[in-house]
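User: Please take a close look at one part of this model, the sheet that is built across two chains. I would like to know how its strands are arranged and what packs on it.

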Amino acid sequence: MNNALTAHALATTLHYAEPPSFSTAEMVLLAVLIVLSLVGFFRRFDRVLRNIFTARKDPDFHLAPIGRRIWDFFWEVLCQAKVIKERPLPGLAHAFVFWGFLAFALVSLNHFASGFRLGFLDADSLIGGFYFWFAAIFALLVAVGIAGLFVRRFFVRPIWLGRKVSIESGIIAFLIFALMATYLAAFTIPSTSAAARGLWWTHALCILVFLPLIPHTKHLHLVLSPFTIFLSRGEFSHIPPLSGDEDFGLVAGKDLTQLVALQAYSCVECGRCTEHCPANNTGKVLNPKEIILGVRSYLNDLGPHSEEPLLGKYNSQEAAFQCTTCGACEYQCPVGIEHLPVIIGLRRGAVNTGAWEDDHGTKLFLALERNGNALGMSSTERDKFIKKQELPIFDGSQEYCLWLGCMGAYDPQGREIIASFAKVMDYLGTSYGVLKKEKCTGDPVRRLGNDLVFQQLAEQNLEIMKQQKVTRIVTICPHCVRTIAKDWQEYGASPEIEHHSEFMARYQDKLPRISENGPSIVYHDPCYLGRYRGSYDQPREVLARSGKVIDPPRARERSFCCGAGGGLAFLGEESGERVSHVRARELAATGASIVGAACPFCNTMFRDALAATSDAPPQLLDIAQITAQTIAAQSIANTTPSNGAQNA
Amino acid sequence: MKIIVAIKQVPVRDSTLRIDSSGKWIDEDDLSYEINEPDAYALEEALQLKEKHDGEVIAVLAGPERGSQTIREALAKGADRAIHIECDDLASLDTLGVASRLAAAIKDEKADLILTGLQSDDLGLGQTGVVLAELLGIPHATIIMQVEAGDGSIKVKRELEDGWFQHVQMPLPALLTIQSGISKLRYATLMGIKKAKTKEVRRIAAGDLPQAATPTVTLARIYLPEKKKETQMIEGSPNEAAAKLVEKLKFEVRVI
Amino acid sequence: MSGVLVILEHKGGSYNRMSWEALAAGQQIAVASGQPLSAAVLVSNEGGSDLESFTGEFANKKLDKGYRVEHALLKDYTADGYISALEQFIKKIDPSFIVFPHTYQVRDFAPRLAARFGQVLLADLVGLRKEGDSFVFVRQLFQGKLNADYRHTGSGPCFVSVQAGAFRAESLEAGSASVEAFAPELDATAIRSKPEAPFREAAQTVDLSSAPIIVSVGRGIKEQDNLPMVEELAAALGGELAASRPICDNGWLPMERQVGSSGQTVSPKLYLAVGISGAIQHLVGMKGSKTVVAINKDENAPIFEVADYGIVGDLFEVVPALTEAVKKAKGA
């Protein structure tokens, strides 16, 4: 009670001061300024809107499911969850500014209304008084937040914000700070004073200057990003189908869709994508932020109907083909930009029209066309392996079809993983069989944008699935999982598929557990299992039965790519430092005795990288190999007399 | 420059081959087919010549219906039109028979240059091109690494053995068999495949061509060569193993 | 129509080994068919070349007759010149079999020559035998994956060429034969192609993709200082030196010598892998090799899966021994 009284007393002495009345001249001036400001805003914003609305429609856009969209909007926009989660301090500062803006919407409206003697919030009324105070708390938070962001941008200067200092950001920060300062200062003076009138006008001017700046700067995200987030495709790395005979991907401006245009204009240039990009972090040309900004500049200069190629002046082909499709950029983006459909779209445009010329790429495409596997091996090699390993052939009677994948069928390490996983399945008593014929799922060509070969592979495989009546698949390769589960759907209904980590996690209770003193295992989240599929806990649960699981510094959603994805494993030597080396050093530095992998591509990348970067590298094993070892150790333990006695 | 490329469709390299019940040919069920790889280089050379000198590239293929897939790929890669000699009896013809069909189908085209791969991946005879030149009465050169087209004549680089080469000049029209690997093959693109749909393919029934002479060589039987062990492990002391290996290199691998 | 005629090939007066192998094949046919054997060589009769000594070399083989097909226009090889000269010559002596070594030059003219007689060349034979009254000629199909028996059923002469190494030149019997000259009528204007002098490519950057023999070294070599040992083996075999990625990564060999998915793709006749375990990145670069030999101390190394011949052992012992053995075999 006492507190409330004190607060009330304060409120009456310190309350928001607005000039009680405005002269006609002032009103005319205000009206002119508002009109000028709005004209400044719309002259630019109109162009932006036209570029977005007249762009090509997204061929597979559906508003449903609306629930997901509302949730995304609530969580990512209103709660600022992603912004805060990925960069807590600046994220919180940003959230304060954002919430402050929401709180100030009413205050600002009232501000201009009162300039025309139409004010609806009365500082002396209970509601008005409360609201002004409520807004004042936010004003404080905004002022602190924006000052913090200002210091970060102009003094700390993280490199991913760009090397060039953004003057406009400084001006905007100053305006926001001034808005808050003028608002708070108005609590300390009587409303009839000349100072109150001065503050009122300064505050109004700040808003009127701010408004036209919005569409000219990255602050366009204030207006657009709520829509961008609400309208996002929603699926990670969703690659839209090509529509009609003239669609080859993102070749020129005419191929840019409304969503791409909207996203390009929403970019806030925060550089989170760049900060997490494995290519950019290892000295390559690719900068996902610049890809998006390149599209934006293209739209600004040439519009969404141009025939001018997108790759060239505005975006570099070299950069587009350095992407491992790890998806860190898309995952990180706080304003709902989906980088992968853009980067893969650019690749499709280049590959589907033959503009991309690359010896290794051509070799890969020809190998897939001819041999049906990315390694260009003869399918008889696969037959030999199946025979040697005595893998049962799938005949429809087994529970699972065990999909080998190119790595499982041809790579010596991949074969070991298959052999180990087969042992685990045998141990669990799950029946399985492998297909006599199996082609590459098409993952590398899907990511490299070769729709012709991808379609061939998907259709041929779907035909095999139908013939063999395959309904449930388990595989060791997250790339196969993703491609079968999502990408094949463009050409038919794909069977149910599961990664072996998910399978083993479901049966974890039946798997043996090393009681104590297990080895320390550092687990590397494969991009296509983690970010693409959200399976973070299952592999850890499986590994926890065989040892102590530790995370490297960058883990789970922030896992750092091995460098193999996006078809890059087949594209020859990379420029700059090898992605795999950076990650291998990070994994080795944890001091773990085992690196636990869950993807045969990661495995093959780390094999060389660990040996090259460390004199005594940790052992590199797939989770299936680790589990199979634990099973073997247990069965030995069970047959020794002492244990036997215990069991008896 | 009008260029004809003679291409052949062969089973995909690395196919698992089974001998059919007649014992005279392979079981064609279940096989996938592709363009004979040396012919792919001939096509590539033709396309590059066209890009340099303008003109037209015409692909010609003799074979059954499944050959249209290979024709479509050639068109997708950039050939302007194609001629498909439809026949199911290729295996019963000898080189002279095949070449005479090709000659009959293309002689009215009056091409400046005829290209083909230096040999086929299946039969490996390496003669169809040379015999075709004989039937058309035009000069030829084989195992060509490079082609420079001039006015009414060409200069080619022939590969000789042991790292030797030779330039040869000859008048047009002429026929060349192209060495594999002399350039980078292009990949088929979605755009190319879509464009190929609108390109002309002239189909000629083998019956409409002059009857080929009776074959002078016949394939009596095909069979698996004596199977060598998958991996022969050579045992013994280093000196013994080395001596044994040299023996193999000399008489089995024939590289010494 | 009778007799077996072998067409020998020479360059600048020296015969290549394949000519003698073709002669060995010819002897085999002659013996089996009971027909006389003759051999011929095409030479230029101008410029004071010592034609007698030139043909002397084959006159001391077991032959019934030797021929020199002589004409000034046969100085440099041209398909038109050779075909015309041989057409006249063959018509004159009318053999039932004409045997060639399967050289690049023969591949260039022999099919066309055969076509003049309405025949097809049975090319690249790996074997032959007599069955009943006729011969069975063995050649390979599908890059050696299958063998095929062919029979000659036409009425004209039978043209065959034999694969390098398929017949043993060592088995040739000695003898003596008279050598006769034959002068075809050749018209310079009918020779349409104008050959220039053969040349070798100027020393270019390493081109592993066309090398017939490659000796490739991997991590098992341990130190850069050990490389010369492998280089010596490559030199003895007349092959190129290559490496797996770790070697090139370390800068021990230039990147252009790297075989594998990020380096070169090679398909030599012989690929000798020394101390290479066989990671998939390496295997995809060399899987097209005709013959793979692996030397590795780990008997479970994946490279042995793709090898045709394997030696499990210490490369520091095996490689020098192999170099010596190769040198000895070549010297002999």
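Analyst: In this predicted model, strand 13 of chain B (residues 232-233) pairs with strand 18 of chain C (residues 309-312) in the parallel sense, over two bridges. One residue of this pairing can be named on each side: B:Met233 has C:Gly310 in strand 18 of chain C as its bridge partner.

Strand 18 of chain C also pairs with strand 17 of chain C, residues 291-296. These two strands run parallel and are joined by four bridges. Here C:Ile295 has C:Ile311, in strand 18 of chain C, as its bridge partner.

Put together, the strands form an open sheet of six, with parallel pairing. Reading across the sheet, the order is 13(B)-18(C)-17(C)-16(C)-14(C)-15(C). The edges are strand 13 of chain B and strand 15 of chain C (240-243); each has a single partner strand, so one side of each is left without a neighbour in the sheet.

Next come the helices that pack on this sheet. Helix 6 of chain B, residues 238-251, touches strand 16 (270-274), strand 17 and strand 18 of chain C. The direction of this helix makes about 170 degrees with that of strand 18 of chain C. Helix 9 of chain C, residues 315-331, also packs on the sheet and touches strand 16, strand 17 and strand 18 of chain C. For helix 9 of chain C, the angle is given against strand 17 of chain C, and it is about 135 degrees. A general point helps when looking at the strands on screen: in a regular strand, side chains alternate between the two faces of the sheet.

Chain C also touches chain A. That contact takes 12 residues from chain C and 14 residues from chain A. On the side of chain A that touches chain C, helix 27 of chain A (residues 600-613) gives the most, with four residues. The residues on that side of chain A divide into six nonpolar, five charged and three polar.

For a second element in chain A, look at helix 5, residues 88-115. Helix 5 of chain A has 28 residues and reaches 39 Å from its first C-alpha to its last, close to the expected 40 Å. It bends by about 40 degrees at A:Phe104. A:Phe104 is also one of the buried residues of helix 5 of chain A, which include A:Phe96, A:Val97 and A:Val107. What covers the buried residues includes helix 2 (24-53) and helix 6 (126-156) of chain A.

Methods. Residues are numbered from 1 along each chain as its sequence is written. Chains are lettered from A and ligands numbered from 1 in the order in which they are written. This is a predicted model: local features need pLDDT of at least 70, side-chain atom pairs count only at pLDDT 80 or more; totals for chains, interfaces and linings use all residues. Two residues are in contact if their C-beta atoms, placed from the backbone, lie within 7 Å. Ala, Val, Leu, Ile, Met, Phe, Trp, Tyr, Cys and Pro count as nonpolar, Asp, Glu, Lys and Arg as charged, and the others, Gly among them, as polar. The expected span of a helix is 1.5 Å times one less than its number of residues. The bend at a residue is the angle between axes fitted to the seven residues ending there and the seven starting there. A residue is buried if 20 or more other C-beta atoms lie within 10 Å of its own, exposed if 12 or fewer, and partly exposed in between; C-beta atoms are placed from the backbone. Two strands pair if DSSP finds at least two bridges between them. Axes are lines fitted to C-alpha atoms, for helices over the stretch in contact, and angles run from 0 to 180 degrees between N-to-C directions.
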